[in-house]
Amino acid sequence: MYGNYDTGTAGGSDGPQDQDAQQRFDQLITADQRIEPRDWMPDAYRKTLIRQIAQHAHSEIIGMQPEGNWITRAPSLRRKAILIAKVQDEAGHGLYLYCAAETLGIDREELLDLLHAGKQKYSSIFNYPTLNWADVGAIGWLVDGAAIMNQVPLCRCSYGPYARAMVRICKEESFHQRQGFEILHTLSHGTPDQKAMAQDAVNRYWWPSLMMFGPPDEESSHSAQSTAWGIKRFSNDELRQRFVDMTVAQAEVLGLTVPDEDLRWNAERGHYDFGAIDWDEFARVIRGDGPCNAERLHRRRQAHDDGAWVREAAQAFAEKHATQQEARAS
Amino acid sequence: MNDDSKRGWPLWEVFVRARRGLAHQHVGSLHAPDGTMALRNARDVYTRRGEGVSIWVVPSAAIVANNPDEKDSFFDPAADKVYRHPTFYDVPEGAKHL
């Protein structure tokens, strides 16, 4: 489950006939109540949610690829079984989220088409490669860790189906983060080569993980509307700071360092100060020029096409079965 | 690629009984071509961690629901019958087990 959502689209007027409905919607939001699928909601709220939930769902299923890359080469049967379970969870998370998006009146097939056509995004973190086994650990610890930081507040999101999906997802996600931490802990307490491997993975995944929280607050123009709608509960920079404070302490337990020369404890603020993030790199990867953008999308389309016969067979079986039952009944 | 096979798969609502003695509770939904597949997929998606001992899948189209816009008038009849609640009644001091 992953973060860095594009929460575009600002609110707009929906015409005078909707004023009562708008008032009721506003009252529910003010009272911190949930909006449910058949309630009236402003078009912009609906569009923002569809975009955010879809991007979130796409991230889940694209996220299966970098980790799936290591299933056949996991170092032991135990690690392999765990990794398979984790990747299966990601597929499940994708399903919960596509279902939540569908309650807003869009079809999952339509969303997949948009993903395959490159018209909807997924988290930029998955455009980085998994070069060795330690990367699976770094993804679990840092990427899932950042995702949890983003997602726990979404359990209180104003849209009911999204919030409920997030509750399930967050429950399952904590195993993901721990298994990653365990992989890195084992490596960093192994041979010097293994420790170096773990450090290398952390070095490569640290900065992209910090980018998962999205652009700095002063450049995140749509945050204010999402916050007003109760979709977003904390700002990008707030969550990023929390993540840094939490993970730096965990890195000490791992016996690893984070690749930031400017990292200092600031006693006055009660937080770590950290170095500047390369937002040009972030923009490049989002634009499509990351190391693996083309590969991820190609593989996704391929998996979808390769699975066509399974969907056709299931449909044919269901039709045959229905016909037989009808014949028996008549 | 022709993907019409997937379009139009009905939506199913999934209800899970967490353990004996509890009612089935709505946990989510999924698409499947028929009830058997819906049930199997529900098992894989919603009970991977032993969350249930029994699953119902129901075609979403079979659910009849009230209109949320009529919420107030629909539930109005319950609003003025406070005597349905035990707190409506005065219990004299000393009366026990009431």
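**Exercise 1: a pair within one helix**

By about how many helical turns are D237(A) and R240(A) separated in helix α10 of chain A? Work it out, then describe the pairing of their side chains.

*Solution.* A quick heads-up before we start: this is a predicted model.

- Step 1. Find the two residues in the chain: both belong to helix α10, which covers residues 236–254 of chain A.
- Step 2. Check the spacing. They are 3 residues apart, so about one helical turn lies between them.
- Step 3. Now look at the charges. Side chains of opposite charge can pair when their charged atoms come close. Here D237(A) and R240(A) form a salt bridge, with 2.8 Å between the closest N and O atoms.
- Step 4. Ask how open each partner is. D237(A) is partly exposed because its relative accessibility is 27%, while R240(A), at 2%, is buried.

**Exercise 2: a pair that links distant parts**

Find the salt bridge between E67(A) and K86(A), and decide whether each residue is buried or exposed.

*Solution.*

- Step 1. Start with the distance: the closest N and O atoms of E67(A) and K86(A) are 2.6 Å apart.
- Step 2. Place the partners. E67(A) sits in helix α3 (residues 64–68) and K86(A) in helix α4 (residues 77–102), 19 residues apart, so this pair links distant parts of chain A.
- Step 3. Apply the cut-off: buried means under 20% relative accessible area. E67(A) has 0%, so E67(A) is buried. K86(A) also comes out as buried, with 0%.
- Step 4. Follow the connections. E67(A) and K86(A) belong to a network of salt bridges together with E90(A) and D144(A).

**Exercise 3: what surrounds Q179(A)?**

Describe the setting of Q179(A), and name the residues Q179(A) touches beyond its sequence neighbours.

*Solution.*

- Step 1. Locate Q179(A): helix α7 of chain A, residues 160–188.
- Step 2. Judge the exposure. With 8% relative accessibility, Q179(A) is buried.
- Step 3. Look for a polar partner. A polar atom of the Q179(A) side chain lies 3.3 Å from the backbone oxygen of H176(A).
- Step 4. Set aside neighbours within four places in sequence, and the contacts of Q179(A) are I82(A), K86(A), V136(A) and G140(A). You've met K86(A) already, in the salt bridge with E67(A).

**Exercise 4: where the chains meet**

Describe the interface of chain B and chain A: its area, its residues and its polar pairs.

*Solution.*

- Step 1. Begin with area. The size of an interface is often given as the accessible area lost when the parts come together. For chain B and chain A that is about 2,300 Å², with 49% of it on carbon and sulfur atoms.
- Step 2. Count the residues: 25 from chain B and 25 from chain A take part in the contact.
- Step 3. Count the charged pairs. There are 4 salt bridges between the chains, one of them joining E172(A) to R49(B), whose closest N and O atoms are 3.5 Å apart.
- Step 4. Ask which elements of chain B take part. On the side that touches chain A, β2 (25–31) and α1 (35–46) of chain B each supply at least two residues. β2(B) gives the most, with 4 residues.

**Exercise 5: a nonpolar patch**

Which residues make the nonpolar surface patch on chain B, and how open is Y89(B)?

*Solution.*

- Step 1. List the members: V82(B), Y83(B), F88(B) and Y89(B) make a patch of about 420 Å².
- Step 2. Place Y89(B): look in the segment after α2 (71–75) of chain B.
- Step 3. Read the accessibility. Y89(B) has a relative accessible area of 47%, so Y89(B) is partly exposed.

Technical notes: Residues are numbered from 1 along each chain as its sequence is written. Chains are lettered from A and ligands numbered from 1 in the order in which they are written. This is a predicted model: local features need pLDDT of at least 70, side-chain atom pairs count only at pLDDT 80 or more; totals for chains, interfaces and linings use all residues. Side-chain values use heavy atoms; hydrogens and water are left out. Patches are made of residues with over 30% relative accessible area and no salt bridge: like charges are joined within 9 Å, nonpolar side chains (Val, Leu, Ile, Met, Phe, Trp, Tyr) within 5 Å. Accessible areas come from the Shrake-Rupley method with a 1.4 Å probe; for residues, only the protein chains shown count as cover. A salt bridge is a side-chain nitrogen of Lys or Arg within 4 Å of a carboxyl oxygen of Asp or Glu. Buried means under 20% relative accessible area, exposed over 50%, partly exposed in between (1.4 Å probe, protein chains only). Contact means heavy atoms within 4.5 Å. Buried area is the accessible area (1.4 Å probe) that two parts lose on being put together, summed over both. A polar contact is a pair of N or O atoms within 3.5 Å; within protein, one must be able to donate a hydrogen and the other to accept it, and residues adjacent in sequence count only if both atoms are side-chain atoms.
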